[in-house]
Structure formats: C-alpha cells, structure tokens
Amino acid sequence: MKIILDRRSSEPVYLQIRNRIRHLIEAEKLQAGDRLPSIRALAEATQVNKLTVIEAYSMLEADGLIYARPGAGYFVYEQSIETPVPATFAPRQEVIIPETREMSYFEICTAVGHANLQEDVINFASGFPMIGAVEDLQRIARRAVKGVGDELFRYDFPQGQIGLRKQIAQLLLHKGLEVSPEELIVTNGSMQGLSLTMQHYLKPGDWAIVESPNYHGALAVLQGIGARVIGIPMTPDGMNLMLLEQYLRSHRPKLIYTISTLHNPTGITTSQPHRQQLLALAEQYDCVVLEDNAYEGLSFEAVPPPIKAIDRSDPTGISKAGRVIYLGTFSKTLMPGLRVGYMVVTGTAYQALLERKLLSDLCVSTVSQAIVSEYLATGHYRRYLNQLRTQNLTNRNTMLKALERYFPQEATWTVPNGGLFLWVTLPEGLPMQAICHAAALQKVFIVPGSTFFPNQQGYPALRLNFSQSPEAIEQGIRILGDLLKTRMKRCS
C-alpha cells in the first residue's frame, strides 16, 4: 500500500494518511479482512513518526473502518456483517428467595484472574473488555502525571477532583441525565459505589430485590451485609414488573438493585416505559432504587435515559428527589486497572455516603483520576469507545453465528445491543460443573450460570463474554458445543 504525502499541504499528515486509507477502503481497493501495514512499517514507508500513524489509525477505528486485533495488527472492518436471527429468551418465571447463604464470589474472581493470566486460555467467564490502545495509554498517562505534579504528595477530596466531576457531568448530559458536579462522587470502580449504597440503606435482616439472574458481585455484597434477597426473574423486557409489585407489597423491601442498560449477565436493555413503571412502583412502596449501568457506554445504539433521569423534583420544585442512585464506571469502557467509577446522589443521602466513603479509602487515586480526565479532555475517550463498539459488534456477531452453528438446538440466547455478554439458556438436567471442568481441560474457561442467581438456585445457563478475537470465539464455542451435545446424549 503506497501513500504519497504532500508535505506542503495545510492538511495535517495524519489526516492525509487517514483519508488515503479511507479512500482505498471505500473504493474497495482494500477488502474486508485485509491486514494493514504495521505502525512501524507504515511510519518507515511514509517517513513519519509512529505517533502520526497511531493517530491516523485511531481515527479510522473511530470511523468504523478498521479494527485492531491484539498482537495481530490492524484489519479492514467487515461492514456488511449479517446479524443472525435472535433465538427466543423465555426463562421460567420463578422468584428465588434463598434460605441459606453461600459465598462463591471470592473463588470465582480468583479463578477468573488466574485464567486471564494464561495466554492460551479462551476466557468466556471474564468481565473485562478487550485490551487495546496501549500506546495511547502510555502517552496520555505521561501527560496526565505531568499535569498533576505536586498533587501526588497530598490527599485529594473524597468526592473526587472537581475537573473530572465536571467532565463526568457533561458525559452524563449526553445520556439524558442532568446533574451537577456537586451531586457526583468519584469511586474506586462502580463496585465501591454499589457497596457503599447497600451498606447505607440496608442492615442485617432487611429485604432487598434483585433481578434474577444478576451480577454476582452485588449478590455477594448483599450476603455480606446479611440482607435477605428476593430474586425477581428476568423477561425479554427486563425484570418481571408484575412479580416485582407483588413482592414489594408483601415484603416491603428497602432497596431495588437494577441494571437497566446492558444487564449483567443477560445483556438486556429495558425500554423507557419499563423504567418509568419500575420507578413508579418504587415510589408507591417507598423503596430506594440502585441503578448500576456499568456497560452503558458500550451500547451499539441509542438507549433511553437512565431511571435516574426521571427521578424528578418534588411538586414544589424546592428540592430534588433522591430515590434513585446511579452508578457508572470507566472500568468496563476504558480499562479495569484504573479503578475509576462514579455515583450520582441527590438529596440528603449525599453527605452520609460521602462520609462513609471517606472512612473507606480517603480518596481515589489521583493518578487514575488524572488519566481518565486527560482521556476525556482530549477526545481520546470518545474515539476509543467507537473503536471498542466496532470490535464488540464484530465479536458479538461472530459468537451468535458460532452458537447457531455449534450449539444444540435446545439452547436459546439473548442478542444484546452492546456490552460484553450474552446469556445462553440450556436444557434442564445438564451437569454444569462437570461441563465447566471438561471445558477447562480443553483450555476454555467458563463458569456455570447458577453463579448469577441468589444462592445459585437458577436454571442451567452460561454467561459468555464476546470480548475475544473472532478466531478464539469460533474455537471456544465449537469446543463448548461439542461438550454440550455429548452430555445431552448421555442424559437422554
């Protein structure tokens, strides 16, 4: 691929490179799946700095024209990926109220961490996004650390840096949620916000409602508090609101924990009417709503504003309502290791939660906050999200096609419009622990779907992370499909 640059042009060199490659792709001189020159090779061929090529490739990724495969290079994106026909998601509508309490979160996190360290393992159980843009991180981190300077030698405010809170408020405004920086608390990932909120509103013996299945970390926090859990089953539209009202009336829980956008583990996004009805029920039965939308930034299409956005002022307009607490994070959209999340808190709970956070960790890492702030200020965060969404869409469709090809006909699954996961429902009676063990022997790591139900009492299922390379997805799903079909023959 030959790129001729006009050194006398007023157009920046990186834009010339980007526009030339864009032309080659649109003219079909570069075909879907073609590999582009490496950053080093193109920099040498055009006699420019590698950072110039990185900037050009980053813009092409943001345009949805190319994508990066970790360790393999950059490739032309396949524009016309046909989305497979979605299978039916119709799980049994059984409310789960566990009588005993078992903790497995620590063991699961440890096992997933070990699997992530093994390069030859296909890890479908991970909750992490793909690794990418390491060069950007190194460059941005250097600028960020230089900017904070002597701030590293003192503690920061427990609510987080004011500059970052202003940027997060602007980010949320684009999602339809209008908040001020004074209503934001920067946290060590959304997990800290989740834990602080649950500890504030619940004491041992209190009832709390969760979606079933649900994020296993939230279930572990509730168990640690000693709260009693009611698992309301998921439907294709979200939490079963008819059953929700029934148990709000009968048990008077103090808190509803919900993931309204790109639910973990099913990937379901609820509609605006569903969100309005859930909030109306919470108001009717005087219940706090904890809305945890960690994956919201990874949606392939526009989503309704968060439930928090309709948590309106009282009729007099004197004070804002504080029934909904909203959680977000950069761990799932940027990188997990930075551990920067945030919570939106309005009303009287703000000060109490801030004091509780102060006693927990004093403040979030100044360096991590500065790096996130630099990403937001320079526009790299927006471009990186576009790149990630493009790659995730390719990977999701690769996994859906592989499921159709290799999984038994009795299996059904969700088709999420973003995020990292889809949820596979399997026939009753399958020995899921044995299947997980057999998969591990073939270098495919999964955890049983029971992990995501209160007290592990749910139906047979799998949460599969599609933030893998297409080749790994194809291989891993083929292995799992063969194992499931073999086990089903033995059970029949």
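**Stop 1: the largest nonpolar core**

Select Ile168, Leu172, Leu184, Phe330, Leu334, Val340 and Val372. In the largest nonpolar core, which has 37 residues, these touch the most other members. A nonpolar core here is a set of buried Ala, Val, Leu, Ile, Met, Phe, Trp, Tyr and Cys residues joined through side-chain atoms within 4.5 Å. Buried means under 20% relative accessible area, exposed means over 50%, and partly exposed lies in between (1.4 Å probe, protein chains only).

This is a predicted model: local features need pLDDT of at least 70, side-chain atom pairs count only at pLDDT 80 or more, and totals for chains, interfaces and linings use all residues. Residues are numbered from 1 along each chain as its sequence is written, and side-chain values use heavy atoms, with hydrogens and water left out.

Now colour the elements that build this core. At least two residues each come from helix H5 (134-148), helix H6 (162-173), strand S4 (184-187), strand S11 (341-344), helix H12 (366-378) and helix H13 (380-406). H12 gives the largest share, five residues. Helices (H or I, at least four residues) and strands (E, at least two) are DSSP runs, numbered from the N terminus.

Zoom in on Leu172. Setting aside residues up to four places away in sequence, Leu172 touches Leu177, Val179, Leu184, Tyr326, Tyr342 and Val344. Contact means heavy atoms within 4.5 Å.

A second, separate core has 32 residues, including Phe124, Ala402, Ile435 and Leu483.

**Stop 2: Tyr342**

Select Tyr342, in strand S11. Tyr342 counts as buried because its relative accessibility is 2%. Which residues does Tyr342 touch, not counting those up to four places away in sequence? Among them are Ile168, Leu172, Lys175, Leu184, Tyr326 and Phe330. Then pick His174: its C-alpha atom and that of Tyr342 are separated by 16 Å, with the two positions 168 residues apart along the chain.

**Stop 3: Asp311**

Go to the loop between strand S9 (288-292) and strand S10 (324-329), where Asp311 lies. Is Asp311 buried or exposed? Asp311 counts as buried, at 8% relative accessibility. Show its side chain. One polar contact goes to the side chain of Lys308, at 2.9 Å. The side chain of Asp311 also reaches the backbone nitrogen of Arg323, at 3.2 Å. A polar contact is a pair of N or O atoms within 3.5 Å; within protein, one must be able to donate a hydrogen and the other to accept it, and residues adjacent in sequence count only if both atoms are side-chain atoms.

**Stop 4: helix H8**

Select residues 216-225. This is H8, a mostly covered helix: eight of its 10 residues are buried. Among them are His216, Leu219, Val221 and Ile225. Gly226 follows H8 and has a positive phi, near 95 degrees.

**Stop 5: helix H14**

Select residues 432-441, helix H14. Met432, Ile435, Cys436, Ala438 and Ala439 are buried here. Look down the axis: the buried residues of H14 fall within an arc of 165 degrees, so they line one face of the helix. The arc is that of the directions from the helix axis to the C-beta atoms. Turned away from the buried side of H14 is a face with the exposed residues Gln433, His437 and Leu441. What do the buried residues of H14 pack against? They pack against strand S14 (444-445), S15 and helix H15 (470-491). After H14 comes Lys443, with a positive phi near 65 degrees.

**Stop 6: a three-stranded sheet**

Show S12, S13 and S15. They form an open sheet in the order S12-S13-S15, with antiparallel pairing. Strand S12 (412-413) and strand S15 (461-465) are the edges, and each pairs on one side only. S12 and strand S13 (residues 421-425) run antiparallel and are joined by two bridges. Two strands pair if DSSP finds at least two bridges between them. Thr412 has Thr425 in S13 as its bridge partner.

**Stop 7: aromatic pairs**

Rings of Phe, Tyr and Trp (its six-membered ring) pair if their centres lie within 6.5 Å; planes under 30 degrees apart count as stacked, over 60 as edge-to-face and the rest as tilted. The count comes to eight aromatic pairs.

Select Tyr57 and Tyr74. This pair is tilted, at 4.7 Å centre to centre and 50 degrees between the planes. Tyr57 is in helix H3 (residues 50-62) and Tyr74 in strand S2 (residues 73-76), 17 residues apart.

Finish at Trp423 and Phe452. Their pair is edge-to-face, at 6.0 Å centre to centre and 85 degrees between the planes. Trp423 sits in strand S13, and Phe452 in the loop between S14 and S15. Both Trp423 and Phe452 are buried. Add Phe453 and Tyr459: ring pairs link these two with Trp423 and Phe452 into a cluster.
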